Amino acid sequence: MHKIAVLPGDGIGPEVVAEGLKVLNALSENYSVKFDFQEFNINSERYLSTGTLVTEEDIAQLRKFDSIFLGAIGDDRVKPGVLEKGILLALRFSFDQYINHRPAPLWKPFGRLKRDVDFNIDVFRENTEDYYIGAGGRVTGGKGSIDMRVKRHLYDMKVRLDANADAADDFAFEIGMMSRKNIERFADHVIDFSNLIGENYITVVDKANVCSNIYSLWREVWDEKCKRAGKEHGYMYVDAMTMALVKNPDKFRVIAVPNMFGDIITDLLAEVTGGLGLAPGGNINPKGISMFEPVHGSAPKYKGMDRINPIATILAAKMMMDNLGRRDLGDVIFKGVRGAFDKGVYTQDLGGKATTKQMGDAVVAAIHALK
Ligand code: IPM
Ligand code: MN
């Protein structure tokens, strides 16, 4: 029995999660697997009516589950950053999900490149540090102090910034930070994954030519880890990387990238594979509770219209099965998606006519047909 906490979230989140659950239920009808789903209303509605984001109590409840299955978080009525940091990032950090795995295989025939080029990339985005630590603040009139705190499973750090400028202006700071131990465990995971798929080369992305403090530590650890593991690696600056992902995505197989740049290049790459509607992600803690979600957001303007592509969420369910040790069932979901596409069923974002529900139904039918 797999205990799954289900967080449909905001906007179109509940619609795509419903299709993901439909597909997981199709697995338990056809194969020996059982799920215990429990839904949580950790979302913008709860925030707007009660003012609560993620609470200690939520975390304690969620700890009882094997995995978290998430739709999307985000709402136009709330100031940017409140829900993102207070819910999504709070969950990633609370469960120490230091890896964000975002697979990006070409989805034929939906690839957006003019040239016919085949590729299959796995992006590993660092998920708890970098410019995402939420440390920073304002000093007004050129003078002031900012007290910051970064609390993670690996450390609890207090940082104080004293600013004293010779110009009476307002200044804003956003501090980026990386720690050796976190980069080490992240690199270990990426190296393990490349061993698993028999890939000997890792492309490591950064901007070490400008942010040379933070990314020289990053490179130092990658050099050490790859040397010890006998793994080949090379560095790409993120600007060149965005270009290369459009120009020659077939040159890459495994990519490791810091949090902020990873956020950006995975949206770009999702579009190259066929569209954001096809891109899943796993927030992974190899020894703890992982959380699976589509890369896309809550798309409030499409809420309730039954037109959003549920495939990213269905593929997030596939990643969840892989992570729960059922790669056989992950494979069934993958084949179900492929089978539905091969029958010509796809949603409007891909140029098709299927509704959200019809897309989910087609994947379920393809799964039944595999038996
Ligand atoms: C993503 C999202 C989040 C991120 C936001 C909503 C905090 O864009 O999962 O890619 O930046 O990680
Ligand atoms: Mn993003």
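**Helical packing and local backbone features of the chain**

In this predicted model, the 15 residues of helix H11, which covers residues 356-370, should span 21 Å at 1.5 Å a residue, and the 22 Å between its end C-alpha atoms agrees with that expectation. The buried residues of H11 are Thr356, Met359, Gly360, Ala362, Val363, Val364, Ala366 and Ile367, and the elements that cover them include helix H1 (13-30), helix H9 (311-323) and helix H10 (327-342).

Within H11, where Val364 has its place, this residue offers a detailed view of the packing. Val364 is classed as buried because its relative accessible area of 14% is under the 20% limit. Leaving aside residues up to four places away in sequence, Val364 touches Lys22, Val23 and Ala26. The C-alpha atom of Val364 is separated by 46 Å from that of Asp156, a residue 208 positions away along the chain.

Helix H10, one of the elements that cover the buried residues of H11, can be described in a similar way. The 16 residues of H10 should span 22 Å at 1.5 Å a residue, and its end C-alpha atoms are 22 Å apart, in agreement with that value. Burial in H10 involves Leu329, Gly330, Val332, Ile333, Gly336, Val337, Ala340 and Phe341, and these buried residues pack against H1, H9 and H11. After H10 comes Gly344, a residue whose phi is positive, near 85°.

The setting for these helices is a chain with 11 helices and 14 strands. For its 371 residues, a compact globule would be expected to have a radius of gyration near 21 Å, and the value of 21 Å found for the chain agrees with this. The C-alpha trace spans about 70 × 50 × 40 Å along its principal axes. Of the 371 residues, 53% are buried, while the chain exposes about 16,700 Å², of which carbon and sulfur atoms supply 50%. When contacts between residues at least 6 apart in sequence are considered, 75% of them join residues at least 24 apart. The side chains of the chain include 48 that are positive and 50 that are negative, and the centres of these two sets lie 2 Å apart.

Two aspartates combine burial with an uncommented backbone feature, namely a positive phi in a residue that is not a glycine. Asp96 has a phi of about 50° and lies in the loop between helix H4 (82-94) and strand S4. With a relative accessible area of 8%, Asp96 is buried, since the limit for that class is 20%. Asp96 touches Thr128, His153, Arg185, Ile284 and Asn285, when residues up to four places away in sequence are not counted. Although Asp96 and Asn283 are 187 residues apart along the chain, their C-alpha atoms are separated by 9.0 Å. Asp130, for its part, has a phi of about 70° and lies in strand S6, which comprises residues 130-139; its relative accessibility of 0% places Asp130 among the buried residues.

A further backbone feature is found in the loop between strand S4 (99-105) and strand S5 (120-126), where Pro109 is located. The peptide bond that leads from Lys108 to Pro109 is cis, with omega near 0°.

Phe193 provides another example of a buried helical residue, as it lies in helix H5, which covers residues 180-196, and counts as buried at 13% relative accessibility. Apart from residues up to four places away in sequence, Phe193 touches His101, Asp122, Phe124 and Val254. Between Phe193 and Val6, which are 187 residues apart in sequence, the distance from C-alpha to C-alpha is 27 Å.

Note on methods: Residues numbered from 1 in each chain as written. Chains lettered and ligands numbered in written order. Predicted model: local features only at pLDDT ≥ 70, side-chain atom pairs only at ≥ 80, totals over all residues. Heavy atoms only, no water. Helix = DSSP H or I, 4+ residues; strand = E, 2+ residues; numbered from the N terminus. Rg over C-alpha atoms; globule rule 2.2 N^0.38 Å. Buried < 20%, exposed > 50% of the residue type's maximum accessible area, 1.4 Å probe, protein only. Contact = heavy atoms within 4.5 Å. Areas by Shrake-Rupley, 256 points an atom, 1.4 Å probe, with all protein chains shown as cover. Lys, Arg positive; Asp, Glu negative; His and termini not counted. Charge placed at Lys NZ, Arg CZ, Asp CG, Glu CD. Expected span 1.5 Å × (residues − 1).
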